[in-house]
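Q: Please take a close look at the part of this structure where helix and sheet come together, and set out how the elements around it are arranged. A connected account, including the surroundings of the ligand, would be appreciated.

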Amino acid sequence: MRSTQARHEEYFSFLRSVSLLKDLPEEKLAKIIDCLEIEYFDKGEYIIREGEEGNTFFIIAKGEVLVTQTTEDFSEPQEIKSLGVGDYFGEKALISEDVRSANIIAKENDTQCLVVDRDNFNQMVGTYEELQAYLKEYVEQLSLSDERRNAV
Ligand code: WNU
């Protein structure tokens with residue numbers, strides 16, 4: 001079995017490669033690693049459903065996901081974008097204190113996500129003003145895109 005140490009180092013270098021987290025101090029990253037869960041999804045599985053309550057933030061460690069959203073103009077949810085390894089999602093419900101605003105669907109079998117709960121997300125983001133400001137700005141941009149596509 002792989003040692004805890006090896007696991008720690010593997011996650012550490014991975015999280016360093018995630019743009020959002022690259023400037024976090026070492027002890028902060030170590031703390032995140034200690035409280036990470038890893039979740040596995042098969043192709044077509046919903047990781048997030050729009051309208052549901054959400055208390056978690058996700059970082060893609062393996063595979064790809066599709067973002068879709070229901071709009072007024074179409075009967076089927078519209079494909080918005082794909083995200084891959086090192087990308088993250090689920091920050092909007094946490095930051096806006098709202099329900100999930102889009103669907104996230106696994107595009108491949110054995111898609112793996114690192115999952116951070118609300119408390120740890122707040123600890124990760126809350127203490128870093130730059131990170132907080134960056135995400136707030138991003139979330140506002142998402143709301144504008146939602147309006148433009150007449151998301152319901
Ligand atoms: C979009 N509109 C909405 C994406 C991921 C991270 C960042 C964009 Cl910083 P949630 C559903 C999640 C949502 C976002 C993600 O879907 N999302 C979008 C859009 O155009 N959500 N409303 N594009 S990918 C993405 C920026 O993470 O968070 O908790 O759940 O509402």
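A: The account below goes from one sheet to the helices, then to the other sheet and the ligand. The model is a predicted one.

The sheet that carries the helix has four strands and is open, with the order β1-β8-β3-β6 and antiparallel pairing. Strands β1 (37–41) and β6 (88–89) each have a single partner strand and stand at the edges, so one side of each is left without a neighbour in the sheet. Helix α1, which covers residues 4–17, packs on this sheet and touches β1, β3 and β8 (111–117). The direction of α1 makes about 105° with that of β3. Strand β3 itself spans residues 56–62 and pairs with β6 in the antiparallel sense over two bridges. Within that pairing, isoleucine 59 has tyrosine 88 of β6 as its bridge partner.

Helix α1 also packs against a second helix. Two packed helices are described by the angle between their axes and the distance between the axes. For α1 and α2 (residues 26–34), the angle is about 120° and the axes are 10 Å apart. The crossing in which α1 passes α2 is right-handed. On the α1 side, the residues in contact are Arg7, His8, Tyr11, Phe12, Leu15 and Arg16. They meet Glu26, Leu29, Ala30, Ile32, Ile33 and Asp34 in α2.

A further open sheet is formed by four strands in the order β2-β7-β4-β5, with antiparallel pairing. Here β2 (46–48) and β5 (78–83) are the edge strands, each with a single partner strand, so one side of each is left without a neighbour in the sheet. From one strand to the next, the twist averages 30°. Strand β4 (residues 65–69) runs antiparallel to strand β7 (residues 103–106), and four bridges join them. One of the residue pairs is valine 65 with its bridge partner in β7, alanine 106.

The ligand is surrounded by 20 residues, of which Gly90, Glu91, Arg100, Ser101 and Asp146 are the closest. Polar distances can be given for three residues in turn. A polar backbone atom of glycine 90 is 2.9 Å from an oxygen atom of the ligand. For glutamate 91, an N or O atom in the side chain is 2.7 Å from a ligand oxygen atom. At lysine 92, a backbone N or O atom lies 3.4 Å from an oxygen atom of the ligand. Taken alone, the ligand exposes 600 Å², and the protein buries 98% of that area.

Note on methods: Residues are numbered from 1 along each chain as its sequence is written. This is a predicted model: local features need pLDDT of at least 70, side-chain atom pairs count only at pLDDT 80 or more; totals for chains, interfaces and linings use all residues. Side-chain values use heavy atoms; hydrogens and water are left out. Two strands pair if DSSP finds at least two bridges between them. Contact means heavy atoms within 4.5 Å. Axes are lines fitted to C-alpha atoms, for helices over the stretch in contact, and angles run from 0 to 180 degrees between N-to-C directions. A residue is near a molecule or strand if one of its heavy atoms lies within 4 Å of it. A polar contact is a pair of N or O atoms within 3.5 Å; within protein, one must be able to donate a hydrogen and the other to accept it, and residues adjacent in sequence count only if both atoms are side-chain atoms. Accessible areas come from the Shrake-Rupley method with a 1.4 Å probe; for residues, only the protein chains shown count as cover. A crossing is left-handed if the near helix is turned anticlockwise from the far one by less than a right angle, and right-handed if clockwise.
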